[in-house]
Amino acid sequence: MTEPKKPTILETIYAQRANDVQVANSTPGTTFADLRVYLSMNLAPTLLDFVDRLKQNPSTSTSSPGPSLMAEVKRASPSKGDIALDTNAPEQGLKYALAGASVISVLTEPTWFKGQLLDMRLVREAVNSVPNRPAILRKDFILDEYQIAEARIYGADTILLIVAMLSQERLQALYSYARSLDMEPLVEVNNAAEMTRALELGARVIGVNNRNLHDFQVDMGTTSRLVEMVKERDVVLCALSGISSAEDVNVYKAQGVRAVLVGEALMRAKDTGAFIKELLGWHDV
């Protein structure tokens with residue numbers, strides 16, 4: 001008799017998040033009907049254009065512009081465990097904004113990543129007065145329209161859609177719903193088949209996760225192998241996960257990658273601003 005197949009990490013997280021959404025959606029004051037009323041009353045903060053903001057960084061005015069930075073607020077992860085549990089999210093977010101980040105990614109998943117929606121709301125408040133503020137990304141395991149409405153109300157400019165955990169039908173529905181709220185999602189892929197699905201969707205921003213979410217193994221060549229699939233297309237290609245040095249960034253810059261998402265290395269940095277300058281080569285900007 002064969003052993004029942006053990007769920008992958010992604011499948012385990014998906015099941016937990018599905019349950020979390022069900023609980024929130026059945027709580028008076030935070031049902032989907034409530035969220036739709038809040039949106040119709042224009043209670044959500046103003047949006048900025050994620051695609052446009054992603055294309056701007058401190059180097060874009062130079063003769064040799066490099067990738068933009070998507071800086072992540074992440075206290076913990078399933079693969080690394082606790083990273084920086086004492087992190088104050090708005091304080092960290094403001095450091096990122098002042099150092100030139102184009103996007104601040106805020107983990108809002110509570111069980112494995114120790115994040116919450118309040119983190120994102122307060123990061124948004126913290127950077128609101130920064131000139132040309134960064135875009136705010138809700139980094140989570142989005143499986144329901146409910147979470148997209150939630151993201152919008154809590155101040156996100158964009159959300160993450162993970163191709164690996166969604167059927168094409170659900171992916172299309174979630175993408176369309178985000179667009180109906182004027183948010184262009186970051187669509188995450190890990191291989192050529194998923195990239196094909198993202199392109200079929202018409203995604204304008206595609207992030208290649210160097211980490212396989214089923215087993216959490218990292219392969220820095222993942223992004224490099226998929227670069228050719230978006231050449232000559234109006235797509236902003238981003239490299240996600242595992243990036244920790246200027247060498248990593250320079251490899252992707254040479255390949256035409258337009259943005260890099262950095263989490264753990266930034267969370268562990270002693271001097272956030274200095275590390276960002278070194279990482280992106282912004283010393284002379």
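# A walk through two pockets and four residues

Start by selecting strand E6 (158–162), strand E10 (259–262) and helix H11 (264–268): each of these gives at least two residues to the lining of the largest pocket. What you have open is a predicted model, and this pocket is a good place to begin exploring.

**Stop 1: the largest pocket.** The space inside amounts to about 380 Å³. Its lining is made of 28 residues, and the ones closest to the centre are Glu 72, Lys 74, Lys 139, Arg 211 and Ser 241. Show those five as sticks to find the middle of the pocket. How many residues of the lining are nonpolar, polar and charged? Colour the lining by class and you should find 13 nonpolar, 7 polar and 8 charged residues.

**Stop 2: Ser 241.** Keep Ser 241 selected, as it is one of the residues closest to the centre of the largest pocket. Ser 241 sits in the loop between strand E9 (236–240) and H10. Is Ser 241 buried or exposed? Its relative accessibility is 14%, so it counts as buried, the cut-off being under 20%. Now look at the backbone: Ser 241 is not a glycine, yet its phi is positive, at about 80 degrees. Most residues other than glycine have a negative phi.

**Stop 3: along to helix H10.** Select residues 246–254, which form helix H10, and pick out Val 251 within them. Val 251 is partly exposed, with a relative accessibility of 44%. Next, draw a distance line between the C-alpha atoms of Val 251 and Asp 215: they are 25 Å apart in space, while 36 residues separate them in sequence.

**Stop 4: the second largest pocket.** This pocket has a volume of about 270 Å³. Which helices should you highlight to see its lining? Helix H1 (9–25), helix H2 (32–40) and helix H6 (145–153) are the elements that give two or more residues to it. There are 17 lining residues, and Ala 24, Leu 117, Arg 138, Tyr 146 and Glu 150 lie nearest the centre. By class, the lining splits into 9 nonpolar, 4 polar and 4 charged residues.

**Stop 5: Asp 157.** Find the loop between H6 and E6, where Asp 157 lies. Asp 157 has a relative accessible area of 1%, so it is buried. Which side chain makes a polar contact with the side chain of Asp 157? Show Arg 133: its side chain makes that contact at 2.8 Å. A polar atom of the Asp 157 side chain also lies 3.0 Å from the backbone nitrogen of Leu 48. To see more of the surroundings, add other residues that Asp 157 touches, including Thr 46, Phe 50, Arg 124, Ile 136 and Met 183.

**Stop 6: Asn 132.** Move to the loop between helix H5 (117–127) and strand E5 (135–139), and select Asn 132. Asn 132 has a positive phi of about 50 degrees, although it is not a glycine. Its relative accessible area is 45%, so Asn 132 is partly exposed.

**Last stop: zoom out.** Finally, select residues 10–279. An unreviewed UniProt entry annotates this span as "domain: Indole-3-glycerol phosphate synthase". Within the span, 41% is helix and 16% is strand, and its end C-alpha atoms lie 29 Å apart.

Conventions. Residues numbered from 1 in each chain as written. Predicted model: local features only at pLDDT ≥ 70, side-chain atom pairs only at ≥ 80, totals over all residues. Heavy atoms only, no water. UniProt positions renumbered as here; feature names shortened; annotations may be inferred. Helix = DSSP H or I, 4+ residues; strand = E, 2+ residues; numbered from the N terminus. 1 Å grid on protein atoms, 1.4 Å probe; cavity = no way out; pocket = protein on both sides within 12 Å on 5 of 7 lines; lining within 4 Å. Points joined across faces, edges and corners; volume = space filled by probe spheres on them. Nonpolar A, V, L, I, M, F, W, Y, C, P; charged D, E, K, R; others polar. Buried < 20%, exposed > 50% of the residue type's maximum accessible area, 1.4 Å probe, protein only. Polar contact = N/O pair within 3.5 Å; in protein donor to acceptor, adjacent residues only side chain to side chain. Contact = heavy atoms within 4.5 Å. Lists of a residue's contacts leave out its neighbours within four places in sequence.
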